[in-house]
Amino acid sequence: MAVDYFLTNHDGSKAVWTVNAQWRRVAAIGKQLGFSWGGDWTSFKDYPHLEMTGGLTTA
């Protein structure tokens, strides 16, 4: 299961793509719920990505 997300400014009129404290807060909440965060990946960073594999791999 995967979720891709983005954050907006305070009035919701513009996407915020700068990885800042708010992005890291969303990632922390996702990780507390059992998701892995694409921002922690070493091969490439996928900051707006959370996924839960349930122990499965593509292999």
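This is a short tour of a predicted model, going from one helix to the sheet and the core beside it.

**Stop 1: the helix.** Select residues 21-32, which form helix α1. Try the distance tool on its end C-alpha atoms: they lie 16 Å apart, which agrees with the 16 Å that twelve residues should span at 1.5 Å a residue.

Now look at the start of α1. Here a side-chain oxygen of Asn-20 comes to within 3.0 Å of the backbone nitrogen of Gln-22. Then go past the other end and pick Gly-34, which follows α1 and has a positive phi, near 105°.

**Stop 2: two sides of α1.** Which residues of α1 are buried? Colour Trp-23, Ala-27 and Gly-30 to see them. They lie on the same side of α1, because the arc they cover around the axis is only 60°. There is a general pattern behind this: an α-helix has 3.6 residues a turn, so residues three or four places apart point the same way.

Turn the view to the face away from that buried side, and you will find the exposed residues Ala-21 and Gln-32. Turn back again, and show β2 (7-8), β3 (15-16), β4 and β5: the buried residues of α1 pack against these strands.

**Stop 3: Gly-30.** Is Gly-30 buried or exposed? Its relative accessibility is 4%, so Gly-30 counts as buried. Beyond its neighbours within four places in sequence, Gly-30 is in contact with Phe-35 and Leu-50. Add Glu-51 to the selection too: Gly-30 and Glu-51 are 21 residues apart in sequence, and their C-alpha atoms are 8.7 Å apart in space.

**Stop 4: the sheet.** Next, show the open sheet of three strands, with antiparallel pairing and the order β1-β5-β4. Its edge strands, each pairing on one side only, are β1 (2-4) and β4 (36-37). Zoom in on β1 and β5 (residues 49-51), where three bridges join the two strands in the antiparallel sense. Select Ala-2, and opposite this residue you will see Glu-51 in β5.

**Stop 5: Phe-35 and the core.** Select Phe-35 and show what surrounds this residue. Leaving aside neighbours within four places in sequence, its contacts are Met-1, Val-3, Gly-30, Leu-50, Glu-51 and Met-52.

Which residues make up the largest nonpolar core? Finish by showing the side chains of all seven: Tyr-5, Leu-7, Trp-23, Ala-27, Phe-35, Trp-37 and Leu-50. Among them are Trp-23 and Ala-27, which you met as buried residues of α1.

Conventions
Residues are numbered from 1 along each chain as its sequence is written. This is a predicted model: local features need pLDDT of at least 70, side-chain atom pairs count only at pLDDT 80 or more; totals for chains, interfaces and linings use all residues. Side-chain values use heavy atoms; hydrogens and water are left out. Helices (H or I, at least four residues) and strands (E, at least two) are DSSP runs, numbered from the N terminus. Buried means under 20% relative accessible area, exposed over 50%, partly exposed in between (1.4 Å probe, protein chains only). Contact means heavy atoms within 4.5 Å. Two strands pair if DSSP finds at least two bridges between them. A nonpolar core is a set of buried Ala, Val, Leu, Ile, Met, Phe, Trp, Tyr and Cys residues joined through side-chain atoms within 4.5 Å. The expected span of a helix is 1.5 Å times one less than its number of residues. The arc is that of the directions from the helix axis to the C-beta atoms. A polar contact is a pair of N or O atoms within 3.5 Å; within protein, one must be able to donate a hydrogen and the other to accept it, and residues adjacent in sequence count only if both atoms are side-chain atoms.
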